[in-house]
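Trainee: I should like to discuss the strand pairing and helix packing of this model. May we proceed element by element?

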Amino acid sequence: MGSLGSTKDFDVFNGFYNTINGKLTTTEKTRHGTNPATGKPLAEVPVSTQQDVDDAVAAAKAAFKTWSKVPLADRQKAVKDFADGLEKYVPEFGKLLTSEQGKPNQFAVGEIQTGVHWLRALADIKFDEQVVQEDDDKQVIVRYTPLGVTVGIVPWNFPVHLACGKIAPSVITGNPIIIKPSPFTPYCDLKLGELAQQYFPPGVVQVLSGDDNLGPWLTAHPGPDKISFTGSTFTGKKVMESASKTLKRVTLELGGKDPAIICKDVDIATVAQKIGTLAFLNSGQICLAIKRIYVHEDIYEKFREAIVAFTKTLKVGEGNEEGVFLGPIQNSMQYEKVKTFFSDIEKEKWNVAVGGKNEDKPGYFITPTIIDKPADDSRIVTEEPFGPIVPLLTWKDEDDVIARANNTKMGLGASVWSNDLEQASRLARQLEAGSVWVNTHLEVDPNAPFGGHKESGVGSEWSISGLRSFCNSQTLYLKKRA
Ligand code: NAD
């Protein structure tokens, strides 16, 4: 590890370093990400070593001693100041995010603004001790004490929003955090870490970038007390297994296979447009994207016509082009995975309602595609492609559609679309998912717990329950007389 010292001359576009113990540090080996729209290499970033991990954990442990004693209001203020600091660089971070992640610039800017909003909103949550019992004789108080050092492991689809959603609750509750971005999208997160040094003491917010060794090193290390992980169900299981060896706390935010159930009384044109948007946003690379669309059989044909017409209007292209809705798939590995669903079209004799073919051009672009009534046990209905290809299915009986919607190991989100609020509420309450919406989907709120049922996750993040997930509970039983 080499040290560059100052973090004062902040420039979003230049110099990508680890932040360890308040300093920008370099590594002997470096690597680079790839702009997914052009296939061109981006700037070099550190490849952290085991020594870097040891150094960051030691710095975080040292920082814990003082940071955990800083009054809550001061920790909340530091997070709000950090939010103000990030807000000054929204356009720059947006541009950097488009170059590394691929998403259209307006959505990249939106993601940075969401990160700012999450930092602020989480810092506004009242987090006082609670007196749960009081009489002449005794008082019983429940308080929440910080765990120690935490690690935030972040995926490549929303690197800034999800990192902010881990940094804020961790440091507000008194826990220094080490952020590990995905090797596919390290740039914005390294800059978040650098910027954070202006608002937090050394060791409170650190960021390490690396290759595929880094995540396992962090989860296995005896130092950290909690892993807050967002990523695939497959990796989440490995994280839990590794963390179990030292009984680290884990929060796992994992994959999804969200159903949307469309009832027959909806305004077809409006709802088809909304469903298409919520299935294809971020090129389908959202844990909470709509991934199965169940349309009532009475309106199926008209709905298909409307969603096909809408999908045809969606522009695919490089994120800086005007009017682009779908940027490229973020990386080559994911691109190849999404393309396997396209290879299955012919093999499985799926009917294509729209899309179905991809142009052979540079960049990882995929045409938004709808598969018309595939079998319920087909891959496109049971697996998460994490790309812009989605099945359109039909239903007529409420019990049957609920059973099919719930017939998955996933349980992240689900929605019901109806103007009959009684019917919508009846259906919504039977869905097995951590977030259930009526007449919308994907809308999340920093004041509401976010987490998955079944194999979509363990625990929840954000809101007061998210803050508590970075703490031990402690019950104080105070007898008034000895
Ligand atoms: P991924 O599981 O491949 O990687 C996530 C992170 O884990 C990356 O930083 C990666 O480097 C790291 N990692 C990989 N192997 C590891 C290991 N053995 N130990 C520790 N860390 C390791 O996921 P991805 O491909 O980056 O993201 C896509 C997936 O994430 C999708 O399944 C999506 O649904 C899910 N996701 C879930 C949420 C949610 O909040 N529930 C949000 C976004 C994405």
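Trainee: How many bridges join strand β13 to strand β18?

Mentor: This is a predicted model, in which local features need pLDDT of at least 70, side-chain atom pairs count only at pLDDT 80 or more, and totals for chains, interfaces and linings use all residues. Residues are numbered from 1 along each chain as its sequence is written, and side-chain values use heavy atoms, with hydrogens and water left out. Strands (E, at least two residues) and helices (H or I, at least four) are DSSP runs numbered from the N terminus, and two strands pair if DSSP finds at least two bridges between them. Strands β13 (residues 258-262) and β18 (residues 413-417) run parallel, and the number of bridges joining them is three.

Trainee: Which residue in β18 stands opposite Ile261?

Mentor: Strands β13 and β18 are neighbours in an open sheet of seven strands, ordered β15-β16-β17-β14-β13-β18-β19, with mixed pairing. The residue of β18 that stands opposite Ile261 is Val416.

Trainee: Why is one side of β15 and of β19 left without a neighbour in the sheet?

Mentor: Neighbouring strands of this sheet are turned by 25° against each other on average, direction ignored; axes are lines fitted to C-alpha atoms, for helices over the stretch in contact, and angles run from 0 to 180 degrees between N-to-C directions. Strands β15 (351-354) and β19 (435-438) stand at the edges of the sheet, so one side of each lacks a neighbour: each has a single partner strand.

Trainee: Which strands form the open sheet of three, and in what order?

Mentor: The pairing in this sheet is antiparallel. Its edge strands, each pairing on one side only, are β6 (130-134) and β21 (471-479). The order is β6-β7-β21.

Trainee: Over how many bridges do β7 and β21 pair?

Mentor: On one side, β7 pairs with β6 over four antiparallel bridges, and these two strands form a hairpin with three residues between them. On the other side, Pro146 stands opposite Cys471 in β21. Strand β7 (residues 138-146) and β21 also pair in the antiparallel sense, and the number of bridges is nine.

Trainee: Why are α2 and α4 described as roughly parallel or roughly antiparallel to each other?

Mentor: Helix α2 (residues 72-87) and helix α4 (residues 105-123) pack with their axes 8 Å apart, at an angle of about 165°. Angles under 35 degrees count as roughly parallel, over 145 as roughly antiparallel, 65 to 115 as roughly perpendicular and the rest as oblique. The relation of α2 and α4 is therefore roughly antiparallel.

Trainee: How do the residues of the contact of α3 with α6 divide?

Mentor: The axes of helix α3 (residues 90-101) and helix α6 (residues 187-196) come within 9 Å and cross at roughly 150°. The contact (heavy atoms within 4.5 Å) is made by Phe93, Leu96, Leu97 and Glu100 of α3 and Tyr187, Cys188, Lys191, Leu192 and Leu195 of α6. Ala, Val, Leu, Ile, Met, Phe, Trp, Tyr, Cys and Pro count as nonpolar, Asp, Glu, Lys and Arg as charged, and the others, Gly among them, as polar. The division is seven nonpolar, no polar and two charged.

Trainee: How far apart are the end C-alpha atoms over residues 29-475?

Mentor: An unreviewed UniProt entry annotates residues 29-475 as "domain: Aldehyde dehydrogenase". Over this range the chain is 40% helix and 20% strand, and the distance between the end C-alpha atoms is 48 Å.

Key. UniProt positions are given in the numbering used here, feature names are shortened, and annotations may be inferred rather than shown by experiment.
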